[in-house]
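Hello,

Here is the structure I promised to pass on to you. Have a look at it first, and then read on for what turned up.

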Amino acid sequence: MKSTTKFSNIIPISGILMTFFFSGCMNLQGNTTTKTDDPRLKTYDSSDFSLKTPKDWEIIEKKDFTADVPDVTVVVFRNNIKNETFTANVNIVKNYLQETMPTLEYAKNVLNRQKGGLFNFKENKREELKLKVGGQDTSTIFIQFEAKKGTDQPTVRYIQTYAVKEKWAFIITGALSTKENDVVLQSIENIIKSFQVK
């Protein structure tokens with residue numbers, strides 16, 4: 001098994017999302033990992049957000065990104081079980097908005113652009129989710145869909161949600177093979193639903 005990181009297989013949606021939004025500067029100072037009540041989980045805590053991940057998942061921060069990772073990507077969490085074709089992962093993208101907008105409106109805009117920018121887009125599940133943004137419950141969309149980056153690319157299952165605080169917007173995307181087991185799918189859903197903006 002190769003030990004090199006293939007970011008093109010880890011975060012395929014980030015490149016597409018980058019074409020839809022303007023990037024902004026990112027503050028990664030003060031990132032820490034702490035314990036949670038569940039012994040299988042750890043909390044990833046940055047100056048902007050926090051979330052809970054499985055302890056055995058790898059954390060890849062901006063300083064370790066290769067050149068093909070879009071600048072708007074803040075951090076990647078990767079499953080410890082590597083796969084030669086596609087390794088399950090979750091990534092956080094942070095975009096600067098020219099104008100403020102409600103989280104729910106931003107979520108709908110992102111989804112509409114993805115439907116037009118990805119191939120064979122198929123929505124599998126959608127629900128309203130309440131995320132903490134600045135200590136307040138904020139309505140957003142939690143979606144699961146399948147799509148391809150290109151016609152010659154494999155179909156990937158994506159799980160995604162969104163948050164806006166002032167003029168900063170976050171897209172939290174999980175990606176996994178359509179052949180991946182339900183345990184990994186549930187882990188990604190749990191990571192995404194634990195996301196909170198400070």
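A polar contact here means a pair of N or O atoms within 3.5 Å; within protein, one must be able to donate a hydrogen and the other to accept it. Please keep in mind that this is a predicted model.

With that in hand, start at Lys198: its side chain reaches the backbone oxygen of Ser46 at 2.5 Å. Lys198 lies in the segment after strand E11 (196-197). Is Lys198 buried or exposed? Neither label fits, because its relative accessibility is 41%, which counts as partly exposed. Besides Ser46, Lys198 touches other residues beyond four places away in sequence, including Asp45, Phe49, Gly134 and Lys165. Its C-alpha atom is separated by 6.8 Å from that of Gly135, although the two are 63 residues apart along the chain.

Now for the wider picture. The chain has four helices and 11 strands, and buried residues make up 49% of its 198 residues. The largest nonpolar core has 26 residues, and those with the most contacts inside it are Phe49, Phe77, Val90, Ile92, Ile188 and Phe195. Among the elements that give two or more residues to this core are strand E3 (49-54), strand E6 (89-96) and helix H4 (182-193). H4 gives the most, with five residues. Apart from this core lies another, of 20 residues, among them Val110, Leu111, Phe145 and Ile171.

One more residue to click on is Ile92, which touches Phe49, Phe77 and Phe195, among others.

Enjoy exploring!

Technical notes
Residues are numbered from 1 along each chain as its sequence is written. This is a predicted model: local features need pLDDT of at least 70, side-chain atom pairs count only at pLDDT 80 or more; totals for chains, interfaces and linings use all residues. Side-chain values use heavy atoms; hydrogens and water are left out. Buried means under 20% relative accessible area, exposed over 50%, partly exposed in between (1.4 Å probe, protein chains only). Contact means heavy atoms within 4.5 Å. A nonpolar core is a set of buried Ala, Val, Leu, Ile, Met, Phe, Trp, Tyr and Cys residues joined through side-chain atoms within 4.5 Å.
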